[in-house]
Amino acid sequence: MPTIGIADTTFARYNMGRAAIDEIQKNVSAQIKRVTVPGIKDLPVAAKKLIEEEGCDIVMALGMPGGKEKDKMCAHEASQGLIMAQLMTNTHIIEVFVHEDEGKDEKELAFLMDRRTREHALNVIKLLFKPEKLVREAGTGQRQGFEDAGPLRM
């Protein structure tokens with residue numbers, strides 16, 4: 001049985017880890033290992049440890065950077081760390097960040113955090129169990145969170 005790692009943060013204002021686990025459990029049978037860290041810059045090592053020490057086949061790294069310029073820089077640094085952890089472990093780490101300024105109000109922000117997390121959880125399932133579905137979706141303008149962009153028309 002595949003093992004999916006969930007790394008989330010206490011800084012997020014929505015329980016993204018719970019949403020990811022709920023969506024995964026609704027759709028497949030998999031072992032889930034969860035770790036929660038303080039902030040997004042802690043996610044790369046948490047994800048790497050889930051892979052190397054807990055035997056996870058794939059990891060979701062869930063976080064909510066703030067809306068200030070400094071927060072965006074921290075998110076970029078965390079993204080770089082997640083990419084490095086992927087390359088060091090040869091394992092997918094699906095980054096799921098929702099910036100605090102992406103929603104026009106708290107209701108939309110909570111909606112976006114839940115939907116983006118759940119849609120990426122479905123991507124994790126596709127990567128592990130049904131990669132051919134991703135091939136069929138190539139070039140279709142899929143977006144996680146808000147509406148899909150759709151394919152370009154010629």
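This passage walks through a predicted model, from the whole chain down to one helix pair and two single residues.

To start with the overall layout, the chain holds five helices and four strands. Read from the N terminus, these elements come in the order β-α-β-α-β-α-β-α-α. As for overall dimensions, the C-alpha trace covers about 45 × 40 × 30 Å along its principal axes. The radius of gyration is 15 Å, and since a compact globule of 154 residues would come out near 15 Å, the chain agrees with that expectation. Of those 154 residues, 44% count as buried. Contacts across the sequence are well represented too: taking the contacts with a separation of 6 or more, 73% join residues that sit 24 or more positions apart.

Next comes a pair of helices. Helix α2 takes in residues 43-52 and helix α3 residues 69-89, and the two pack with their axes 8 Å apart at an angle of about 20°. Because angles under 35 degrees count as roughly parallel, α2 is roughly parallel to α3. Their crossing is right-handed. On the α2 side, the contact is built from Leu43, Pro44, Ala47, Lys48, Ile51 and Glu52, while α3 brings in Ala78, Gly81, Leu82, Ala85, Met88 and Thr89. Sorted by character, the residues of this contact come out as eight nonpolar, two polar and two charged.

One of the α2 residues in that contact, alanine 47, is worth a look of its own. Alanine 47 has a relative accessible area of 0%, so it is buried. Setting aside residues up to four places away in sequence, alanine 47 touches Val59, Leu82 and Ile93; of these, Leu82 belongs to the α3 side of the helix contact. Glutamine 25 is 22 residues away from alanine 47 along the chain, and the C-alpha atoms of the two are separated by 20 Å.

Glycine 55 offers another case. This residue lies in the loop that links α2 to β3, the strand of residues 58-63. With a relative accessible area of 42%, glycine 55 is partly exposed, whereas alanine 47 is buried. Beyond its neighbours within four places in sequence, glycine 55 is in contact with Thr3 and Leu50. Glycine 55 and lysine 33 are also 22 residues apart along the chain, and here the C-alpha atoms are separated by 9.2 Å.

Definitions and conventions. Residues are numbered from 1 along each chain as its sequence is written. This is a predicted model: local features need pLDDT of at least 70, side-chain atom pairs count only at pLDDT 80 or more; totals for chains, interfaces and linings use all residues. Side-chain values use heavy atoms; hydrogens and water are left out. Axes are lines fitted to C-alpha atoms, for helices over the stretch in contact, and angles run from 0 to 180 degrees between N-to-C directions. Angles under 35 degrees count as roughly parallel, over 145 as roughly antiparallel, 65 to 115 as roughly perpendicular and the rest as oblique. A crossing is left-handed if the near helix is turned anticlockwise from the far one by less than a right angle, and right-handed if clockwise. Contact means heavy atoms within 4.5 Å. Ala, Val, Leu, Ile, Met, Phe, Trp, Tyr, Cys and Pro count as nonpolar, Asp, Glu, Lys and Arg as charged, and the others, Gly among them, as polar. The radius of gyration is taken over C-alpha atoms; the globule rule is 2.2 Å times the number of residues to the power 0.38. Buried means under 20% relative accessible area, exposed over 50%, partly exposed in between (1.4 Å probe, protein chains only).
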